[in-house]
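User: I would like a close look at a single part of this structure, taken slowly and then set against the rest of the chain. Please keep to what can be read from the model itself.

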Amino acid sequence: MAQINFYIRKDMKSNANTCVVSYSLTLNNKRHRKTMGFSVKEKYWSEVKQRVKPNIKTDRYNLHKEYNSFLDKSESAAKEIFHKYALSNKKLTYEIFQKEWNLSNYNNQPSTNFITEYDRYIEISKPIRAKRTIMGHTTTLNFIKDFEIENKLELTLENFDIQVFESFRNYSFTKKQITDNYFNTITSKIKAFMTWAYDREIHQNLAYKKFKAPERQKDIICLYNDELFKLYNHQFKSKKLEKVKDVYCFGCFTGLRYSDIIDLKKEHLINGEIQKTIIKTREFSRIPLNRFAQEIIDKYLDYPFGLLPTISEPKFNEYIKVACKEAKIDSPVNITRYSGGKVHNFTKPKYDLITSHTARKTFTTNSLIRGMNETIVKKITGHKKDENFRRYVKLADDLVKQASNDAWDKE
């Protein structure tokens with residue numbers, strides 16, 4: 001006998017306690033499960049009635065009537081299909097049921113709240129994605145929340161179409177004045193989430209595949225060889241700045257990201273190398289230690305926590321600017337940024353542009369200038385995109401050419 005029941009997937013719960021509503025179909029002595037395409041808070045689901053509880057006064061999105069209407073129609077349509085095939089003595093297969101049931105019902109599927117589902121996506125992704133990736137999605141979600149509130153919208157996975165995206169783009173460039181590249185990052189994360197939700201049949205809206213955002217080539221900010229050693233050899237009176245300098249220079253000498261540096265432990269040191277799984281890529285890497293990186297490690301042999309002293313990344317980025325300013329890393333740097341296609345040029349002293357990210361860029365650039373094989377540099381840094389890596393190669397070639405010309409032009 002065919003039977004259909006509705007339940008919530010408690011194993012797919014978000015930190016807002018929303019669970020995916022699914023159906024369990026018993027057909028030909030086999031059980032089939034699939035999502036219904038929306039989620040509700042666990043405390044508002046009735047396991048006895050298999051419906052969303054009414055009186056959701058505290059929820060911003062009061063959709064229980066729409067949800068229950070959808071479930072009622074879905075159940076009625078399923079029973080009609082069961083009855084139809086029972087009378088005809090024809091065998092009802094799951095494939096036939098899906099085809100007829102979808103045609104009967106799924107066009108009336110209720111809207112699914114965008115914020116709620118994105119929040120659930122982030123929560124589910126935490127065990128399998130790098131911390132920085134999760135932070136990026138959380139920042140994107142907060143950005144979308146602000147857009148929704150300021151524009152008095154109720155975003156759903158179904159209504160987030162091209163028109164909404166264009167409005168979101170205008171808001172990003174005019175109201176928030178973010179750069180093209182940051183908008184490209186936000187768009188990529190939205191599309192990743194929408195793909196995840198589509199693959200799980202939580203929505204049927206394919207408009208997101210047409211979302212486009214330009215990506216501009218960013219200026220490569222790094223310390224060149226003389227600047228790097230000017231900083232490395234500077235003796236700071238402040239112990240705090242001395243430690244920040246050492247950690248930054250260690251990144252410049254190894255190419256490690258800050259997240260991997262603060263994760264370093266003494267057991268990662270093996271035969272003059274750092275051997276560890278990189279946090280972002282989750283790939284095992286072996287990074288040789290040059291004598292400057294080894295000097296920094298030796299300086300902190302008695303450090304009780306990890307391999308090197310570390311602080312939060314925001315504080316680190318604040319202090320490394322102070323350190324570089326004291327070390328007189330102050331050459332003027334011309335910067336070009338794009339926002340909504342508009343070009344913005346400005347000049348800043350280099351110390352004001354130095355962050356934890358520029359250490360890795362410093363390693364890549366100086367390694368190439370010093371003649372290290374491109375393949376080896378790429379293997380150490382883990383660059384995946386050839387286009388991005390070629391920018392460093394070009395920069396290094398230009399600098400070598402300029403140095404050669406400067407040397408000979410003196411005669």
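Leaving aside its neighbours within four places in sequence, which residues is Ile-4 in contact with?

Analyst: This is a predicted model, and what follows should be read with that in mind. Once the neighbours within four places in sequence are set aside, Ile-4 is in contact with Tyr-23, Ser-24, Leu-25, Glu-75, Ala-78, Phe-82, Phe-97 and Trp-101. Ile-4 itself belongs to strand S1, which covers residues 3–9. With a relative accessible area of 6%, Ile-4 falls under the 20% limit and therefore counts as buried.

One of these partners, Phe-82, lets the same site be viewed from the other side. Phe-82 sits in helix H1, which spans residues 64–88, and at a relative accessible area of 14% Phe-82 is buried as well. When residues up to four places away in sequence are not counted, Phe-82 touches Ala-2, Gln-3, Ile-4, Leu-25, Leu-92 and Phe-97. Leu-25 and Phe-97 thus appear among the contacts of Ile-4 and also among those of Phe-82. The pairing of Phe-82 with Ala-2 spans 80 residues in sequence, yet their C-alpha atoms are 6.5 Å apart in space.

Another partner of Ile-4, Ala-78, can be used to place a residue of helix H2. Asn-102 lies in that helix, which runs over residues 94–105, and the C-alpha atoms of Asn-102 and Ala-78 are 9.8 Å apart although 24 residues separate the two in sequence. Asn-102 is partly exposed, at a relative accessible area of 31%, whereas Ile-4 is buried. For a sense of distance in the other direction, the C-alpha atoms of Ile-4 and Phe-168, which are 164 residues apart along the chain, are separated by 40 Å.

Stepping back to the whole chain, there are 14 helices and 10 strands. The radius of gyration is 28 Å, well over the 22 Å that the globule rule gives for 411 residues, so the chain is more spread out than a compact globule. Taken along the principal axes, the C-alpha atoms fill a box of roughly 100 × 50 × 40 Å. Of the 411 residues, 45% count as buried, and the accessible surface comes to about 22800 Å², with 50% of that area belonging to carbon and sulfur atoms. Among contacts between residues at least 6 apart in sequence, 60% join residues at least 24 apart; the contact between Phe-82 and Ala-2, with its 80 residues of separation, is one of that kind.

A second buried site can be set beside that of Ile-4. Helix H7, covering residues 225–232, has Glu-227, Leu-228, Phe-229, Leu-231 and Tyr-232 as its buried residues, and these pack against H8, helix H10 (291–299), helix H11 (313–326) and helix H12 (357–369). Leu-228 lies in this helix and counts as buried at 3% relative accessibility. Apart from neighbours within four places in sequence, Leu-228 is in contact with Leu-223, Cys-249, Cys-252, Phe-253, Thr-362 and Asn-366. Lys-218, by contrast, is 10 residues from Leu-228 along the chain, and the C-alpha atoms of the two are separated by 21 Å.

Helix H8 also takes part in enclosing empty space. A search of the whole structure finds 1 cavity of 30 Å³ or more, and its volume is about 40 Å³. The lining consists of Val-247, Tyr-248, Gly-251, Leu-256, Arg-257, Tyr-258, Ile-261, Phe-316, Ser-356 and Ala-359, which divide into 7 nonpolar, 2 polar and 1 charged. Helix H8 (239–254) and helix H9 (258–261) each supply at least two of the lining residues, and the largest share, 3 residues, comes from H8.

Finally, two loop residues deserve a careful look at the backbone. Lys-152, in the loop between helix H4 (131–150) and helix H5 (162–175), has a positive phi of about 55 degrees although it is not a glycine, and at 78% relative accessibility Lys-152 counts as exposed. Arg-282, in the loop between strand S7 (273–277) and strand S8 (284–288), likewise has a positive phi, near 60 degrees, without being a glycine; at 45% relative accessibility Arg-282 counts as partly exposed.

Methods: Residues numbered from 1 in each chain as written. Predicted model: local features only at pLDDT ≥ 70, side-chain atom pairs only at ≥ 80, totals over all residues. Heavy atoms only, no water. 1 Å grid on protein atoms, 1.4 Å probe; cavity = no way out; pocket = protein on both sides within 12 Å on 5 of 7 lines; lining within 4 Å. Points joined across faces, edges and corners; volume = space filled by probe spheres on them. Helix = DSSP H or I, 4+ residues; strand = E, 2+ residues; numbered from the N terminus. Nonpolar A, V, L, I, M, F, W, Y, C, P; charged D, E, K, R; others polar. Buried < 20%, exposed > 50% of the residue type's maximum accessible area, 1.4 Å probe, protein only. Contact = heavy atoms within 4.5 Å. Rg over C-alpha atoms; globule rule 2.2 N^0.38 Å. Areas by Shrake-Rupley, 256 points an atom, 1.4 Å probe, with all protein chains shown as cover.
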